[in-house]
Protein chains: 6
Amino acid sequence: MLIQIPDILTPEEVAHCRAVLDASPWVDGRVSAGPQAAKSKFNLQIPVESREAQELGDVILRALGRNPIFNSAAMPLRVLPPMFNRYDVGMKFGAHVDGSIRSIPGTGQRLRADVSTTIFLTDPAEYDGGELVIEDAYGAQEVKLPAGHAVVYPATSLHSVNEITRGSRWGSFFWSQSMIRDQGQRAMLYDLDMAIMATRTKLPDEDPAVLALANVYHNLVRSWAEL
Amino acid sequence: MLIQIPDILTPEEVAHCRAVLDASPWVDGRVSAGPQAAKSKFNLQIPVESREAQELGDVILRALGRNPIFNSAAMPLRVLPPMFNRYDVGMKFGAHVDGSIRSIPGTGQRLRADVSTTIFLTDPAEYDGGELVIEDAYGAQEVKLPAGHAVVYPATSLHSVNEITRGSRWGSFFWSQSMIRDQGQRAMLYDLDMAIMATRTKLPDEDPAVLALANVYHNLVRSWAEL
Amino acid sequence: MLIQIPDILTPEEVAHCRAVLDASPWVDGRVSAGPQAAKSKFNLQIPVESREAQELGDVILRALGRNPIFNSAAMPLRVLPPMFNRYDVGMKFGAHVDGSIRSIPGTGQRLRADVSTTIFLTDPAEYDGGELVIEDAYGAQEVKLPAGHAVVYPATSLHSVNEITRGSRWGSFFWSQSMIRDQGQRAMLYDLDMAIMATRTKLPDEDPAVLALANVYHNLVRSWAEL
Amino acid sequence: MLIQIPDILTPEEVAHCRAVLDASPWVDGRVSAGPQAAKSKFNLQIPVESREAQELGDVILRALGRNPIFNSAAMPLRVLPPMFNRYDVGMKFGAHVDGSIRSIPGTGQRLRADVSTTIFLTDPAEYDGGELVIEDAYGAQEVKLPAGHAVVYPATSLHSVNEITRGSRWGSFFWSQSMIRDQGQRAMLYDLDMAIMATRTKLPDEDPAVLALANVYHNLVRSWAEL
Amino acid sequence: MLIQIPDILTPEEVAHCRAVLDASPWVDGRVSAGPQAAKSKFNLQIPVESREAQELGDVILRALGRNPIFNSAAMPLRVLPPMFNRYDVGMKFGAHVDGSIRSIPGTGQRLRADVSTTIFLTDPAEYDGGELVIEDAYGAQEVKLPAGHAVVYPATSLHSVNEITRGSRWGSFFWSQSMIRDQGQRAMLYDLDMAIMATRTKLPDEDPAVLALANVYHNLVRSWAEL
Amino acid sequence: MLIQIPDILTPEEVAHCRAVLDASPWVDGRVSAGPQAAKSKFNLQIPVESREAQELGDVILRALGRNPIFNSAAMPLRVLPPMFNRYDVGMKFGAHVDGSIRSIPGTGQRLRADVSTTIFLTDPAEYDGGELVIEDAYGAQEVKLPAGHAVVYPATSLHSVNEITRGSRWGSFFWSQSMIRDQGQRAMLYDLDMAIMATRTKLPDEDPAVLALANVYHNLVRSWAEL
Ligand code: NI
Ligand code: NI
Ligand code: NI
Ligand code: NI
Ligand code: NI
Ligand code: NI
């Protein structure tokens with residue numbers, strides 16, 4: 001299940017992120033990669049512990065908090081602090097695997113990386129190449145979205161970012177641990193939530209059928225959620 | 001989840017069953033009980049392999065096949081041939097446990113006894129006592145229904161039949177193995193099926209919300225059904 | 001599984017709770033209900049953050065901590081601070097669904113609402129109506145207990161409180177997240193715990209059968225508990 | 001997981017199927033659709049019980065039996081007899097849901113429809129339109145393959161066949177019940193099987209690492225397979 | 001969980017098996033091994049379809065049917081026809097993996113190989129070497145039992161038979177598919193069954209604690225058994 | 001799965017532990033046992049809250065942190081502070097059951113005791129008796145390792161320490177809650193991790209087969225890990 005969420009950031013937030021990033025100290029992205037991934041990773045990043053990363057991270061987290069689609073699709077329990085990266089001409093990230101268990105910086109806690117999210121901070125017109133490529137057995141799905149849009153996808157696939165041949169691609173990336181461990185269950189809850197929303201546009205909240213559907217949704221969450 | 005189903009048999013079917021049973025050779029019910037249950041079982045039964053039991057069993061199975069509530073609540077994969085029993089004055093079945101794995105008579109096959117069903121063949125006015133008692137931690141729920149009505153309940157509880165103090169109580173009893181092993185999941189599917197039915201009385205079948213709800217139902221069945 | 005626990009509060013604790021509540025600022029219960037439930041909720045509550053709610057909440061939590069039946073039945077991992085509510089003449093809470101995921105006030109944490117508990121603070125003789133009604137497919141079970149008694153039940157059902165026609169019904173209510181997510185597994189552990197307790201009244205602790213039963217119980221907990 | 005399998009039928013088998021179908025009695029496809037799907041289904045079919053359907057069904061089943069990719073991806077326990085359908089100009093199958101439980105014609109048995117397979121019997125050059133469209137939250141994936149090729153996909157999605165605007169699209173379609181109920185587990189086993197195959201092209205069969213990987217694969221199958 | 005069962009065959013049955021095998025046509029054991037296992041398998045077998053194998057197989061199956069320990073430990077749903085093998089001086093079976101899914105000869109059916117059983121037909125004094133070696137991370141457990149005894153163990157381990165240095169080792173071997181797929185659950189049910197048996201030697205069957213323990217056992221079987 | 005880990009402590013760490021313990025105030029081990037276990041426990045312990053226990057506990061935890069075998073086998077989420085015990089002549093710990101849920105001293109938190117670890121601090125030559133005995137249905141496995149070595153085993157078995165007949169046996173013991181609740185899944189992940197390690201000694205990290213195996217490992221962790 002890959003879900004596109006348009007306008008998760010407002011144009012003002014995108015502009016603010018870009019202004020702060022423009023003045024930030026970019027470093028080699030390999031500092032935060034494991035030994036296997038480091039061999040295929042060629043990009044730039046803002047250091048996780050920098051003041052800029054933390055301020056912009058809060059902008060992202062506030063945006064997530066107000067977005068019902070993100071919350072219904074990811075059902076996040078914990079979110080790793082958002083990272084900010086940049087691919088200039090010639091940079092790319094070859095096919096790789098995301099580790100399943102990550103340390104949350106500055107705490108003793110760990111997080112299971114269930115759901116990946118990329119928020120685009122530059123527009124497709126600003127660069128060539130740079131598609132996010134999600135590989136599965138059927139082939140490769142390519143994603144390239146307008147600035148401020150997000151794509152939410154399971155952290156289970158081999159994936160890559162194509163080489164940039166013109167311009168520069170800026171983005172924010174983070175992993176979430178979901179309250180719903182299994183991605184098939186997560187997808188069913190999302191589908192049921194959307195179907196109930198659609199039903200509620202046509203039937204009143206106090207309709208017994210609507211009440212019964214809401215009860216089924218909450219009882220499925222009780223059956224599946226871990227927190 | 002205890003579900004009452006009114007009129008699972010027509011009055012004609014009830015009358016036919018009673019006429020056949022009336023002319024049948026009743027035997028001591030302990031013949032079909034395990035050693036633990038036999039100590040508390042005092043009733044009469046029609047032999048499972050008798051012509052009468054088989055003919056009336058088919059009447060019951062046809063009635064089940066046409067009943068959408070029974071099928072939605074039990075989701076039967078296999079049904080053990082219905083048994084016919086009778087409690088006269090002084091008879092009862094003390095608190096006991098139903099074995100989980102039963103042999104299907106006349107075949108090498110076995111069945112997991114998930115769901116119990118009792119169909120009442122005599123009316124409450126015809127006898128005193130004889131309540132089916134389902135014990136759980138909250139106390140005891142007593143069930144006594146009109147002739148032709150059924151009660152469907154999980155085979156997991158301690159249960160009993162109270163002593164008869166007047167008249168005679170006739171009934172049919174059988175176990176089903178459900179396609180849905182877990183009774184909590186079975187209950188959620190039943191609730192969702194009923195909620196979708198209610199929604200479809202108000203919204204057309206081709207409404208995208210109705211289509212999406214049907215897809216969720218079938219995908220939950222795919223996730224849970226064993227056959 | 002609905003479990004009644006007599007005398008979870010002592011008469012002195014009940015009297016203390018009532019005295020404190022009597023002097024408390026009751027407010028409209030809809031302040032703590034979601035939009036769907038608010039439409040059917042008509043009662044009074046003590047504000048969660050009030051000094052009175054916190055003091056009495058501690059009384060309740062201490063009572064839970066010393067009660068082996070509550071701990072065996074609910075196997076609580078986290079308990080939401082107890083709430084205190086009151087239904088006067090004409091008040092009621094219509095059939096509604098409890099949300100599955102709740103925020104723990106004053107923390108960033110959330111809790112999965114698995115188990116509901118109501119502790120009665122007024123006696124049945126003090127009011128008419130006011131039954132807690134747990135609806136399931138079998139019909140409606142009504143609960144109304146002496147002051148100081150509790151009822152523990154799964155948070156999965158549609159439920160309601162009948163309208164008060166005389167007097168006033170006071171109570172405390174709270175949700176627990178259980179270490180055992182599945183209510184069928186929770187019920188089996190409760191049954192096994194009770195059966196082992198009963199066996200230990202007849203056989204010594206060091207009997208190998210008792211030791212083996214205890215090992216099975218703890219290994220089932222290891223298989224199922226999430227914490 | 002959508003998997004394309006090239007050349008599951010040989011050119012001779014495709015030619016044979018087309019010759020037999022050419023001489024067959026096509027009937028309205030709605031005869032085999034449930035009431036909801038019938039409203040959006042406009043195509044032609046060979047009757048399931050016809051001699052032609054049975055002979056060609058055997059051709060298909062033999063082809064499946066010899067194909068390691070199909071067996072690794074679907075892990076079929078039971079396959080419903082293949083159906084043969086045809087879309088002429090103006091025909092289509094609107095978005096619909098496949099029922100989860102199907103009867104196997106001519107037997108009392110049922111099958112859980114886990115995996116859908118379409119084998120194309122006409123080439124893309126022979127018709128316009130007619131794409132198989134698999135809808136998910138990310139958008140719609142369209143599939144249109146050369147004659148003799150197959151696409152294998154989970155039976156869980158809303159899907160449709162686009163209207164034909166030129167020529168005619170012939171195909172065979174069938175559902176399989178998999179030994180692996182969960183599609184995420186099925187995908188992991190497929191990925192592990194492919195990875196072990198690739199490892200065995202480089203390391204000898206008796207290498208302890210290869211032996212250990214094979215043991216992990218078989219033990220995962222033991223953990224997950226139902227048959 | 002490795003379980004030794006003494007005297008699963010009577011001395012007369014052992015003698016009968018040996019007399020029939022003595023007159024049987026032994027063939028190279030590699031005929032029934034997959035390509036990976038064939039490289040390490042050096043023993044002799046009776047052809048599965050031979051009259052002798054079928055007659056002795058029935059002897060074994062009857063012995064299993066009357067043995068409560070075997071049935072409680074393996075909870076067999078299906079048993080593959082027993083095989084008979086022989087290791088003479090210089091023969092052995094190197095470390096190997098048992099395939100998870102086996103075809104039942106002469107039927108279209110398959111079986112999941114959950115539980116392995118070896119019944120020894122020669123006494124330890126009759127040969128040197130020939131230990132059955134079950135390898136796990138802790139090291140290797142070696143098993144060599146008197147004629148007529150059996151060892152039951154999960155089919156999940158790497159295992160081998162040591163080279164024979166004197167005499168000849170005869171045995172019967174077969175796989176069972178268990179009603180309980182997970183070996184941890186199977187072990188818990190076995191432990192609970194044994195503990196209840198031990199309790200029933202001290203408390204009467206109608207003791208409420210015994211009744212409650214039996215109910216827990218059957219409800220765990222209902223939760224876990226697949227058939 | 002019992003795993004021996006050699007040299008988890010360096011000789012210097014062992015010597016340091018022994019020197020500190022030598023000067024410590026040993027107390028009766030029954031202070032930290034539940035009522036059932038206390039009846040069979042006869043040994044000495046360092047008080048959990050003592051300065052010595054805390055200092056040496058940190059030595060142990062640092063040693064665990066740097067040991068890849070321990071981390072792959074136990075996948076620890078939380079570790080209870082290590083305890084230090086001592087068996088002198090005549091002391092022993094009879095067969096007993098470890099409780100499943102433990103309180104973490106000095107915090108409100110609890111831990112599920114999944115994995116037991118014993119680190120030996122004295123050499124086998126220093127004492128007679130004192131074997132750790134893990135009982136399962138197959139019989140009893142006895143473990144007695146050199147100083148500095150560890151044994152890691154599931155906390156699910158009945159186990160005991162044999163009576164000391166000469167010298168003194170010193171050791172450290174602690175429970176871990178694993179990210180992988182089920183011990184069968186934990187064993188499969190350990191086996192897969194070891195197999196991938198072995199493959200990586202022969203094939204380069206960027207080999208697609210190695211990448212695919214790493215992806216399967218991480219996706220199994222995503223499917224099973226709870227944190
Ligand atoms: Ni990545
Ligand atoms: Ni019964
Ligand atoms: Ni409520
Ligand atoms: Ni379809
Ligand atoms: Ni083998
Ligand atoms: Ni212990």
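This tour goes from a cavity in chain B to a pair of helices and then to two pairs of chains.

The model is predicted, with local features needing pLDDT of at least 70 and side-chain atom pairs pLDDT 80 or more, while totals for chains, interfaces and linings use all residues. Residues are numbered from 1 along each chain as its sequence is written, chains are lettered from A and ligands numbered from 1 in the order in which they are written, and side-chain values use heavy atoms, without hydrogens and water.

Select first Met1(B), Ile3(B), Ala73(B), Val115(B), Val152(B), Tyr153(B), Pro154(B), Gln183(B) and Arg186(B), which line the largest cavity. Strand 14 (150-154) and helix 5 (183-200) of chain B are the elements that give two or more residues to this lining (helices are DSSP runs of H or I with at least four residues, strands of E with at least two, numbered from the N terminus). Strand 14 of chain B gives the most, with three residues.

Next, select helix 6 (residues 208-224) in chain A and in chain B, which pack at an angle of about 30° with their axes 13 Å apart (axes are lines fitted to C-alpha atoms over the stretch in contact, and angles run from 0 to 180 degrees between N-to-C directions). Show Leu213(A), Leu220(A) and Trp224(A), which meet Leu213(B), Leu220(B) and Trp224(B), contact meaning heavy atoms within 4.5 Å.

Finally, colour the chains: no contact joins chain C and chain D, whose closest C-alpha atoms lie 16 Å apart, and none joins chain A and chain E, where the corresponding distance is 15 Å.

Note on methods: 1 Å grid on protein atoms, 1.4 Å probe; cavity = no way out; pocket = protein on both sides within 12 Å on 5 of 7 lines; lining within 4 Å.
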